[in-house]
Amino acid sequence: MDHQGSLDEELPAFDLTDKDRENLARKDEDFEPLSWGTLKAIIARNDLESLRRWPSDLKRYLKWTRDTKAVYGTITDYLCHERLHWQPLPKQDPHEGPSFHVQDPIPFRDARDYKILYNDWPYGMAPDITHIVVWMKTSFDVEPADGELLPKSRQSIEDFVQHTFIARLQREGNAEDRVMWFRNWTGLQSVRGIDHIHILVRHVPQEIMDEWTGGRTPLP
């Protein structure tokens, strides 16, 4: 079997971009970690497909995705059962993503309707940067055509990030330029069907990380 065929067999739950394929041909020693400044520029121009994992991590992620789907059927089912511990409601349409009982349909109004976890497969970033994900039982309002956030959804996320992450760091003294967020469009999402946003933070003490994540740890 040729190399292309083996990649297709291990295709994860997001579209493998040309940059991913180039990355698979690299060695870790040839990979330059994404700096905070580089990440800011990527997010500012919405060039999210330029976010890359370490080549060795991408290869491990491909294998993990294949093995996990073989056991759970989908990455979404794995996440619900093993990481979020959320019980989806019975589906009316088998082609739709999961839905959940919520305390409040408005995103972020009730802490029981979201969960903050480490990203188990973070991008290849400088070592002082930590990647976490806010998983939602609720959904954000988006443009039907392209899935881009509507202004009111973007504002609700901005308010949540300010209240939850930036304000917490301000209480420690200085939160300037230590928090960023983004939301992948559908084609780049590793887990489709459960809305989520990505949070990048830097120079954050472990005790604050434990507050945000409830002491939960990433996959080993």
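This is a short tour of the structure above, one selection at a time.

A word before you click: this is a predicted model, where local features need pLDDT of at least 70 and side-chain atom pairs count only at pLDDT 80 or more, while totals for chains, interfaces and linings use all residues. Residues are numbered from 1 along each chain as its sequence is written, and side-chain values use heavy atoms, with hydrogens and water left out.

**Stop 1: the whole chain**

Start with the cartoon view. The protein chain has seven helices and four strands; these are DSSP runs (helices: H or I, at least four residues; strands: E, at least two), numbered from the N terminus. Trace the elements from the N terminus and you pass α-α-α-α-α-β-β-α-β-β-α. Of the 220 residues, 47% are buried. Here buried means under 20% relative accessible area, exposed means over 50%, and partly exposed is in between, using a 1.4 Å probe and protein chains only. Take the contacts (heavy atoms within 4.5 Å) between residues at least 6 apart in sequence: 66% of them join residues at least 24 apart.

**Stop 2: Leu-39**

Select Leu-39, in helix H3. With a relative accessible area of 0%, Leu-39 is buried. What does Leu-39 touch, not counting residues up to four places away in sequence? Show Leu-34, Leu-51, Met-125, Ile-129, Met-180 and Leu-200 as sticks and you have the set. Pick out Met-125 from that group: Leu-39 and Met-125 are 86 residues apart in sequence, yet their C-alpha atoms are 8.5 Å apart.

**Stop 3: the loop between H3 and H4**

Move along to Asn-46, which sits in the loop between helix H3 (36-44) and H4. Phi of Asn-46 is near 60 degrees, so you have a positive value in a residue other than glycine. For background, most residues other than glycine have a negative phi. Asn-46 is partly exposed, at 34% relative accessible area.

In that loop between H3 and H4 you can also select Glu-49. Glu-49 is partly exposed too, with a relative accessible area of 36%. Now draw a distance from the C-alpha of Glu-49 to that of Asn-184: 8.8 Å, for two residues 135 apart along the chain.

**Stop 4: H4 and H5**

Select H4. The 18 residues of H4 should span 26 Å at 1.5 Å a residue, and the end C-alpha atoms are 25 Å apart, which agrees. (The expected span is 1.5 Å times one less than the number of residues.) Buried residues in H4 include Pro-55, Asp-57, Leu-58 and Tyr-61. Just after H4 comes Gly-73, with a positive phi near 90 degrees.

Add H5 to the view. The axes of helix H4 (residues 55-72) and helix H5 (residues 75-84) come within 8 Å and cross at roughly 75 degrees. Those axes are lines fitted to C-alpha atoms, for helices over the stretch in contact, with angles running from 0 to 180 degrees between N-to-C directions. H4 and H5 are therefore roughly perpendicular to each other, a label that covers 65 to 115 degrees. To see the contact, show Trp-64, Thr-65, Thr-68, Lys-69 and Tyr-72 of H4 with Ile-75, Asp-77, Tyr-78 and Glu-82 of H5.

**Stop 5: His-101**

Go to the loop between H5 and E1, where His-101 sits. Is His-101 buried or exposed? At 53% relative accessibility, His-101 counts as exposed. Leaving aside residues up to four places away in sequence, His-101 touches Leu-89, Asp-113 and Lys-137. From His-101 to Asp-113, twelve residues on in sequence, the C-alpha distance is 8.6 Å.

**Stop 6: H6 and the loop after it**

Select helix H6 (residues 151-172), which has 22 residues and reaches 31 Å from first C-alpha to last, close to the 32 Å expected. Where does H6 bend? Zoom in on Gln-162, where the bend is about 35 degrees, taken as the angle between axes fitted to the seven residues ending there and the seven starting there.

Now colour the buried residues of H6, among them Ile-157, Phe-160, Val-161, Phe-165 and Leu-169. Their cover includes strand E1 (114-118), strand E2 (129-136), strand E3 (179-182), strand E4 (196-202) and helix H7 (206-213).

H6 is followed by Gly-173, whose phi is positive, near 130 degrees. Finish at Asp-177, in the loop between H6 and E3. Asp-177 has a phi near 55 degrees, a positive value in a residue other than glycine, and is partly exposed, with a relative accessible area of 32%.

Methods
Parallel < 35°, antiparallel > 145°, perpendicular 65-115°, else oblique.
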